[in-house]
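Q: I'm new to this structure and would like a close look at one part of it. Please pick a spot, start with a single residue, and work outwards from there.

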Amino acid sequence: MRWGLTVPLTGVPLRDHRPLISELASLGYTDLWSAEVAGADAFTPLVLASEWDERLRLGTAVVPVHTRGPAALAMSAAALAELAPGRFVLGIGASSETIVTGWNGIAYDPPLARTRDVLRFLRRALAGEKVDGEFDSFTINRFRLEKAPEIPPAIMLAALRPQMLKLAAREADGAITNWLSAADVRQVRAELGDDKELAARIFVCVTEDTEMARNIGRYLIATYLTVPGYAAFHDWLGRGEQLKEMRDAWAAGDRNAAMAAVPVSVIDDLVVHGSADDCRAQIDAYVANGLDTPIIAALPTGTDLLETARALAPTR
């Protein structure tokens, strides 16, 4: 069984991750996955980790397909694949219009087509081929990596709904998902099929202060699940009616009302919380329902997140 951790940990400087990363494998962790939103980029934490440990599998979850040109993305992936041969997974995804257009000033091309085209380009480029020609969402003129990696990385797609999950099943090495309950894994797995890896970032709040955990969950759910892609995901999962009041308040600009409207049952479904032992048991339920790779995202509760990561290790 795989057991992953998200880095960087909130509030912990990158350089201060070294002692933890150096011991993760001995604690039972198998994977280290980066996150890219508005903090560190996806590649830098993994470059550092490749020098601090030679055992962990390293993955990006995820690199947006719009915010880097295809060639630049291939170069970054090739460099990390050279640093960590055979243990780097390139996770790519469509991200959101807020990040792509609002923060980067880049047009948000149709996400399915752009993701498919970048995936196909990367397969060829990372295999050392010269790529020359038109894709549906961009044109490449005679690009070839100066040095293709000896072992091309696996490529996984961020996928929330059937079309992207089916694309992952057809053309990628697996799918990475986010913001789902243990029970939801079955529905996602049914679309992906049984022969491709399914990874999921799981938000974990190690505290026995239930109200604190739920307040953290309220804020995150109101912030994330009002984004169109996540809203559509939860419509597909069957939570549309439960989240309607939250969405209406958010759309009206009343953030406090939106957070107050998040049902407790939804928080408890989507945010793992409790003691470290309780949290591990809840993560195990995701695995029992068909998840291959849980990727723990440890949420800050005022305690040392380095120790929290150690406490969540499967060998504890």
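A: Let's start with Ala 182, which is buried because its relative accessible area is 16%; buried means under 20%, exposed means over 50%, and partly exposed is anything in between, using a 1.4 Å probe and the protein chains only. Before going on, a word on what you're looking at. The model is predicted, so local features need a pLDDT of at least 70 and side-chain atom pairs count only at pLDDT 80 or more, while totals for chains, interfaces and linings use all residues. Numbering runs from 1 along each chain as its sequence is written, and side-chain values use heavy atoms, with hydrogens and water left out.

Back to our spot. Ala 182 sits in the loop between β9 and α7; helices (H or I, at least four residues) and strands (E, at least two) are DSSP runs, numbered from the N terminus. What does Ala 182 touch, not counting residues up to four places away in sequence? It touches Ala 285, Tyr 286 and Asn 289, where contact means heavy atoms within 4.5 Å. Ala 285 is 103 residues away from Ala 182 in sequence, yet their C-alpha atoms are 5.9 Å apart in space.

The loop has another resident to look at. Trp 179 also lies between β9 and α7, and with a relative accessible area of 1%, Trp 179 counts as buried. Its phi is positive, about 55 degrees, even though Trp 179 isn't a glycine. For background, most residues other than glycine have a negative phi.

Follow the chain out of the loop and you get to α7, which has a partner in α9. The axes of helix α7 (residues 184-192) and helix α9 (residues 228-237) come within 11 Å and cross at roughly 95 degrees. Axes here are lines fitted to C-alpha atoms, for helices over the stretch in contact, with angles from 0 to 180 degrees between N-to-C directions. That makes α7 and α9 roughly perpendicular, since 65 to 115 degrees earns that label, under 35 counts as roughly parallel, over 145 as roughly antiparallel, and the rest as oblique.

Which residues meet there? From α7 come Asp 184, Gln 187, Val 188 and Glu 191, and from α9 come Phe 233, Trp 236 and Leu 237. By class, that contact has 4 nonpolar, 1 polar and 2 charged residues. Ala, Val, Leu, Ile, Met, Phe, Trp, Tyr, Cys and Pro count as nonpolar, Asp, Glu, Lys and Arg as charged, and the others, Gly among them, as polar.

Stay with α9 for a moment. Its buried residues are Tyr 230, Ala 231, Ala 232, Phe 233, His 234 and Leu 237. Their cover includes β9 (174-178), α7, α8 (210-224), α10 (244-251) and α12 (264-270), and two of those names, β9 and α7, are the elements on either side of our loop. Right after α9 comes Gly 238, with a positive phi near 100 degrees.

Tyr 230 also leads us to some open space. The largest pocket has 49 lining residues, and Val 37, Ile 99, Asn 178, Tyr 224 and Tyr 230 lie nearest its centre. A pocket is an open set of points on a 1 Å grid over the protein atoms alone, with protein on both sides within 12 Å along at least five of seven lines; a cavity is a set where a 1.4 Å probe fits but cannot get out, and lining residues have an atom within 4 Å of a point. The space in the largest pocket is about 1,700 Å³; grid points are joined across faces, edges and corners, and a volume is the space filled by probe spheres set on the points. Of the pocket's lining residues, 32 are nonpolar, 13 polar and 4 charged.

And closed space? A search of the whole structure turns up 1 cavity of 30 Å³ or more, and the largest cavity holds about 30 Å³. Its lining is made of Val 7, Leu 14, His 17, Ile 21, Pro 45, Leu 48 and Trp 52, which split into 6 nonpolar, 1 polar and no charged residues. Helix α2 (residues 44-52) gives the most to that lining, with 3 residues. One of the lining residues, Val 7, is joined to Pro 8 by a cis peptide bond, with omega about 0 degrees.
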